[in-house]
Amino acid sequence: MAGKYDAIVIGSGISGGWAAKELCEKGLKVLLLERGRDVKHLKDYPTATMHPWEFPHRNKIPLDFLKENPIASRCYALSESSEHFFVKDKEHPYTQEKPFDWIRGYQVGGKSLLWARQTQRWSKFDFEGPARDGFATDWPIRYEDIAPWYSHVERFAGISGNKDGLETLPDGEFLPPWEMNCVEKDIASAIRSSYTDRFPVIGRCAHLTEPQPIHLEQGRGKCQARSLCERGCPFGGYFSSNSSTIPWAAKTGNLELRPNSVVHSILYDDKSQKARGVLVIDSITKEQHEFEAKIIFVNAATMNTNLILLNSISSRFPNGLGNDNGLLGTHVAFHNYRGILNGRVEGYEDTYYKGRRPCAVMMPNFRNVRKQEMDFQRGYMTFYSAYRPSWGRGGEEIGAALKESLTDPGGWSVFMMMQGETIPKESNRVSLDKNNVDAWGIPQLSINVDYDENDLKILNDFFEQGQEMLEKAGVKSITKTDTKQAPGLDIHEMGGVRMGHDPKTSLLNKWNQLHACKNVFVTDGACMTSTGTQNPSLTFMALTARAANYAVEELKKMNL
Ligand SMILES: Cc1cc2nc3c(=O)[nH]c(=O)nc-3n(C[C@H](O)[C@H](O)[C@H](O)COP(=O)(O)OP(=O)(O)OC[C@H]3O[C@@H](n4cnc5c(N)ncnc54)[C@H](O)[C@@H]3O)c2cc1C
């Protein structure tokens with residue numbers, strides 16, 4: 001079986017959903033290929049309104065599951081209520097040359113159902129970083145190139161935040177912000193008054209605090225702060241492909257969504273010197289199908305995008321599509337989440353906060369921002385929150401003990417964590433493990449990614465500075481934890497198909513087109529030249545919308 005389309009989008013997660021929406025809206029006939037099952041908004045969120053006592057294990061993960069899925073279970077968001085959206089370890093094996101916890105969601109919507117929805121823009125300093133500090137390769141774009149596209153995706157997705165006027169964390173098109181509680185406010189004031197370069201602000205996240213007409217048109221409503229997001233939100237209160245971009249694309253009449261379609265490879269045509277389509281294996285029937293299109297967007301998420309390109313072999317590209325320089329799969333980077341600080345706050349016992357909140361306080365990076373000044377490169381974003389721990393215990397006790405415990409809010413605690421930039425290096429790379437194939441005969445991905453000395457220096461700086469800041473705010477009994485978690489568990493893997501000016505040192509140009517095969521666009525995390533210190537998905541969305549707009553313009557000019 002074969003079909004012909006204007007565009008094929010591989011992967012229906014955060015970035016693929018955006019590609020489908022933009023291309024369909026601009027009139028292209030789009031085939032959206034997704035390896036996993038379909039997940040329809042509302043209908044396929046079976047646990048969304050369940051109470052803890054309605055789960056066989058009170059929403060805890062049974063031991064058998066933990067033993068069978070040590071990798072997936074390490075993700076904090078996996079519970080009895082969300083495990084159906086996570087890839088199980090044995091079903092999709094991969095080769096770990098070094099420990100790497102690869103957390104995945106193979107279904108329509110991908111990880112957009114599971115993500116924590118924190119969304120910050122990059123600043124000009126992040127795009128300028130590699131060229132200034134001499135690592136990775138220069139980004140072929142600057143903040144000004146992407147700023148209008150941040151606005152474009154923010155308005156549609158719905159991002160809550162405060163206009164803070166910080167150069168290191170540009171403001172966006174915000175819905176009303178969430179609020180800091182009284183302890184968080186006092187810690188923020190103490191930090192701001194003790195340092196000239198540190199600015200704690202309330203987190204920015206993809207939650208509808210005040211839905212606008214564009215959100216109501218999507219059928220989405222206000223976030224109810226239920227904090228049950230990874231089950232799928234029946235209110236559409238947070239942004240997911242399922243509640244937002246995919247149904248929007250479908251409404252145009254231009255979308256064909258094909259779940260259970262594992263993309264094996266992209267097919268290259270020597271004559272036209274373009275990709276002509278993709279080879280798909282139906283995950284249920286195991287039949288092979290070819291689909292053809294004028295342009296292809298690869299949005300299978302960083303690691304699988306690398307895998308698909310590496311597996312797209314032709315006589316022109318014997319080492320993977322677009323891989324003339326041998327750099328495909330290299331310079332993979334991630335975020336360093338290893339540092340955690342906890343502490344106790346005295347007083348405030350007559351103060352309370354109400355309800356739940358989908359974000360924490362965050363503080364943009366303050367290291368090496370304007371010049372290289374530390375004995376390490378780049379820096380880290382800091383997050384903290386203050387809370388009364390006993391309130392979270394509901395559900396563990398029963399009867400009178402439960403009621404008793406709920407009347408005692410307990411003292412205040414503080415939690416602080418880092419999100420460190422890692423430096424992309426050629427040695428941090430992925431490749432095909434030709435000795436091991438998956439259930440569809442596709443080589444497994446072999447992952448060789450690790451921390452380095454720079455990451456440990458950043459970790460130590462976070463420990464020192466975090467402790468100092470908390471002490472200045474009067475926090476007591478501070479403990480430091482190095483989680484020593486393996487790369488991957490941050491779920492912010494990026495790179496392998498990086499953007500750059502020069503085809504000798506990069507795979508993609510400034511429009512996310514493969515230098516060597518112009519009708520193939522890579523706009524998920526694989527395209528990232530460096531990682532910044534921000535949560536990455538907003539940038540993937542903006543790059544995708546920008547590239548889709550460009551692709552349609554080029555198609556009109558018959559350049560593709
Ligand atoms: C618990 C958790 C918390 C997170 N928190 C945040 C956060 O706060 N902020 C943030 O910015 N990011 C966060 N992330 C990361 C975020 O989810 C990802 O950055 C984002 O989903 C990446 O979008 P994507 O389109 O590249 O990939 P995905 O959303 O993973 O979508 C990729 C899709 O491609 C499909 N696919 C893969 N291979 C193939 C193939 N061969 N053929 C066909 N289809 C294929 C997959 O099944 C999947 O549906 C979090 C992730 C998790 C799991």
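Which polar backbone atom is 3.1 Å from an oxygen atom of the ligand? Select arginine 117 in this predicted model: a polar atom of the backbone of arginine 117 sits at that distance from a ligand oxygen.

Keep the ligand displayed and select glutamine 107. Here a backbone N or O atom lies 3.0 Å from an oxygen atom of the ligand. Then go to glutamate 34, where the side chain supplies the polar atom, 2.5 Å from a ligand oxygen. On its own the ligand has 990 Å² of accessible area, and the protein covers 97% of it.

Next, show the whole shell around the ligand. It holds 39 residues, and the closest are Ser15, Glu34, Ala116, Val263 and Ser537. Colour the shell by class to see 18 nonpolar, 16 polar and five charged residues. Four elements can be picked out as giving two or more residues each to this shell: helix H1 (14-25), strand S8 (261-269), helix H9 (302-310) and helix H12 (537-556).

Stay with H9 and add strands S17 and S18 to the selection. H9 lies across both strands, and the helix runs at about 65° to S17.

Now look at the sheet that these strands belong to. It is open, has three strands in the order S3-S18-S17, and its pairing is mixed. Strand S3 (95-96) and strand S17 (429-437) are the edge strands, each pairing on one side only. S17 and strand S18 (residues 443-448) run antiparallel and are joined by six bridges. To find one position along this pair, select leucine 432 and its bridge partner in S18, leucine 445.

Note on methods. Residues are numbered from 1 along each chain as its sequence is written. This is a predicted model: local features need pLDDT of at least 70, side-chain atom pairs count only at pLDDT 80 or more; totals for chains, interfaces and linings use all residues. Side-chain values use heavy atoms; hydrogens and water are left out. A residue is near a molecule or strand if one of its heavy atoms lies within 4 Å of it. A polar contact is a pair of N or O atoms within 3.5 Å; within protein, one must be able to donate a hydrogen and the other to accept it, and residues adjacent in sequence count only if both atoms are side-chain atoms. Accessible areas come from the Shrake-Rupley method with a 1.4 Å probe; for residues, only the protein chains shown count as cover. Ala, Val, Leu, Ile, Met, Phe, Trp, Tyr, Cys and Pro count as nonpolar, Asp, Glu, Lys and Arg as charged, and the others, Gly among them, as polar. Two strands pair if DSSP finds at least two bridges between them. Contact means heavy atoms within 4.5 Å. Axes are lines fitted to C-alpha atoms, for helices over the stretch in contact, and angles run from 0 to 180 degrees between N-to-C directions.
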